[in-house]
Amino acid sequence: MAPYGILIWAVITAVLASILILASHVHNARRNRTTSVAFFHPNTNDGGGGERVLWCAVKAIQEESPDLDCIVYTGDHDAFPDSLLARAVDRFGVELLHPPKVVHLYRRKWIEESTYPRFTMIGQSFGSVYLSWEALCKFTPLYYFDTSGYAFTYPLARIFGCRVICYTHYPTISLDMISRVREGSSMYNNNASIAQSNWLSQCKIVYYTFFSWMYGLVGSCADLAMVNSSWTQSHIEKLWGIPDRIKRVYPPCDTSGLQACNPFFSQIISMDLCNTCTLLIG
């Protein structure tokens with residue numbers, strides 16, 4: 001029995017030591033937290049609407065709260081302050097007041113779809129927690145702004161003492177996805193082999209139901225959540241249960257064509273995003 005007792009004691013000691021080390025990291029990070037806004041956007045070269053939201057949000061903060069430094073967490077190692085400043089202008093026509101600071105991340109593979117051939121959704125979600133741990137240990141801001149939809153990082157950001165802001169383009173899981181599995185519909189989130197099997201469908205319903213519960217739990221940690229449409233707002237309100245902290249802000253679009261007709265159009269979206277951000281930061 002003695003060897004087993006020693007093994008158990010060694011495991012308990014290792015676990016306690018790990019907890020103490022993690023607690024020490026968090027304590028030091030909270031103590032050294034700076035008055036800044038850090039944007040969690042691991043793929044700063046994605047080139048889509050999410051990146052446009054990122055640069056419009058950075059610009060809004062720079063204009064309305066110039067005392068706050070803007071930092072971007074990125075897994076793109078070729079991204080630097082001046083190159084991101086130029087990219088915002090060249091790619092999206094967003095002129096920042098000054099370059100954002102950059103914190104490079106080296107564990108981005110844990111949020112990549114290719115890392116998880118199965119259980120991709122939950123794998124990427126837990127992987128984002130690991131990536132955000134790296135981010136927050138390297139730099140701990142006062143405001144943590146997620147522009148990529150990684151809701152599972154919000155509780156960790158709160159533990160680090162951050163106020164959490166997010167812009168959600170699309171919920172990680174929706175009630176429609178669960179309904180499709182129940183109905184046996186074969187679609188992008190439910191392949192034919194599962195749709196045709198009652199037992200596999202029931203297993204997937206349990207998986208989706210559990211995941212949606214976790215998604216609601218972590219999402220409720222947001223202090224301010226912005227969504228891009230009434231459809232997204234409806235689902236996020238039901239899943240996260242914080243309707244008073246959810247604001248609909250339509251995504252910024254390239255309005256160069258409309259601006260030629262009327263400059264007023266180009267100001268509407270940026271003003272909406274700016275005003276909503278200042279609800280919490282201002």
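**Close-up A. Strand β6 and its neighbour β7 in the predicted model.** In this predicted model, β6 and strand β7 (residues 246–248) run parallel and are joined by 3 bridges. Look for Val 227, which stands opposite Arg 248 in β7. To get from β6 to β7, the chain passes through helix α9 (residues 230–240), and this β-α-β crossover is right-handed. On its other pairing, β6 runs parallel to strand β5 (residues 163–168), with 4 bridges between them. Here Cys 166 is the residue to find, standing opposite Ala 225 in β6. Is β6 covered on one face or on both? Both faces of this strand (residues 224–227) are covered. Leu 224 and Met 226 are buried on one side, and Ala 225 and Val 227 are buried on the other.

**Close-up B. Helix α9 and the glycine after it.** Which residues of α9 are buried? They are Thr 232, Gln 233, His 235, Ile 236, Leu 239 and Trp 240. As you read along that list, keep one piece of helix geometry in mind. An α-helix has 3.6 residues a turn, so residues three or four places apart point the same way. Just past the helix comes Gly 241, with a positive phi near 70°. Trp 240 also belongs to an aromatic cluster, along with Phe 126, Phe 152, Tyr 154, Phe 211 and Tyr 215.

**Close-up C. Strand β4 between its pairing partners β1 and β5.** β4 (residues 141–146) is mostly covered, with 5 of its 6 residues buried. With β1 it runs parallel, and 5 bridges hold the pairing. Val 37 has Tyr 143 of β4 as its bridge partner. β4 also pairs with β5 in the parallel sense, this time over 4 bridges. In that pairing, Phe 145 stands opposite Ile 165 in β5. Put β4, helix α5 (residues 154–159) and β5 together and you have a right-handed β-α-β unit.

**Close-up D. Two edge-to-face aromatic pairs.** The whole model has 15 aromatic pairs. One of them is Phe 40 with Tyr 73, an edge-to-face pair with 6.3 Å centre to centre and 65° between the planes. Phe 40 sits in strand β1 (residues 34–40) and Tyr 73 in strand β2 (residues 69–74), so this pair ties together parts 33 residues apart in sequence. Both Phe 40 and Tyr 73 are buried. Now compare Trp 110 and Tyr 130, another edge-to-face pair, at 6.0 Å centre to centre and 80° between the planes. Trp 110 lies in the loop between β3 (101–104) and α4 (120–138), while Tyr 130 is in helix α4, so parts 20 residues apart in sequence are tied together. Are these two rings buried, exposed or partly exposed? Trp 110 is partly exposed, with a relative accessible area of 31%, and Tyr 130 is partly exposed too, at 38% relative accessibility.

**Close-up E. A glycine in helix α4.** Gly 127 lies in helix α4. Its relative accessibility is 5%, so Gly 127 counts as buried. Find Ile 111 as well: Gly 127 and Ile 111 are 16 residues apart in sequence, yet 5.2 Å apart in space, C-alpha to C-alpha.

**Close-up F. Salt bridges, one pair at a time.** The structure holds 7 salt bridges. In one of them, the side chains of Glu 51 and Arg 87 meet at 2.5 Å, N to O. Glu 51 is in helix α2 (residues 49–64) and Arg 87 in helix α3 (residues 81–92), 36 residues apart, and the pair links these distant parts of the chain. Why does Glu 51 count as buried? Because its relative accessibility is 0%. Next up, Arg 158 forms a salt bridge with Asp 223, with the closest N and O atoms 3.7 Å apart. This pair also links distant parts: Arg 158 in helix α5 and Asp 223 in the loop between α8 (198–219) and β6, 65 residues apart. Arg 158 is partly exposed, with a relative accessible area of 36%, whereas Asp 223 counts as buried at 17% relative accessibility. Finally, salt bridges that share partners join Asp 76, Arg 108 and Glu 112 into one network.

**Close-up G. A nonpolar patch on the surface.** Leu 7, Ile 8, Trp 9, Val 11, Ile 12, Val 15, Leu 16 and Ile 19 make a nonpolar surface patch of about 800 Å². Ile 19 lies in helix α1 (residues 2–31). Ile 19 is partly exposed, with a relative accessible area of 49%.

Methods:
Residues are numbered from 1 along each chain as its sequence is written. Side-chain values use heavy atoms; hydrogens and water are left out. Patches are made of residues with over 30% relative accessible area and no salt bridge: like charges are joined within 9 Å, nonpolar side chains (Val, Leu, Ile, Met, Phe, Trp, Tyr) within 5 Å. Accessible areas come from the Shrake-Rupley method with a 1.4 Å probe; for residues, only the protein chains shown count as cover. A salt bridge is a side-chain nitrogen of Lys or Arg within 4 Å of a carboxyl oxygen of Asp or Glu. Buried means under 20% relative accessible area, exposed over 50%, partly exposed in between (1.4 Å probe, protein chains only). Two strands pair if DSSP finds at least two bridges between them. A crossover is right-handed if, with the strands pointing away from the viewer, the path from the first strand over the helix to the second runs clockwise. Rings of Phe, Tyr and Trp (its six-membered ring) pair if their centres lie within 6.5 Å; planes under 30 degrees apart count as stacked, over 60 as edge-to-face and the rest as tilted.
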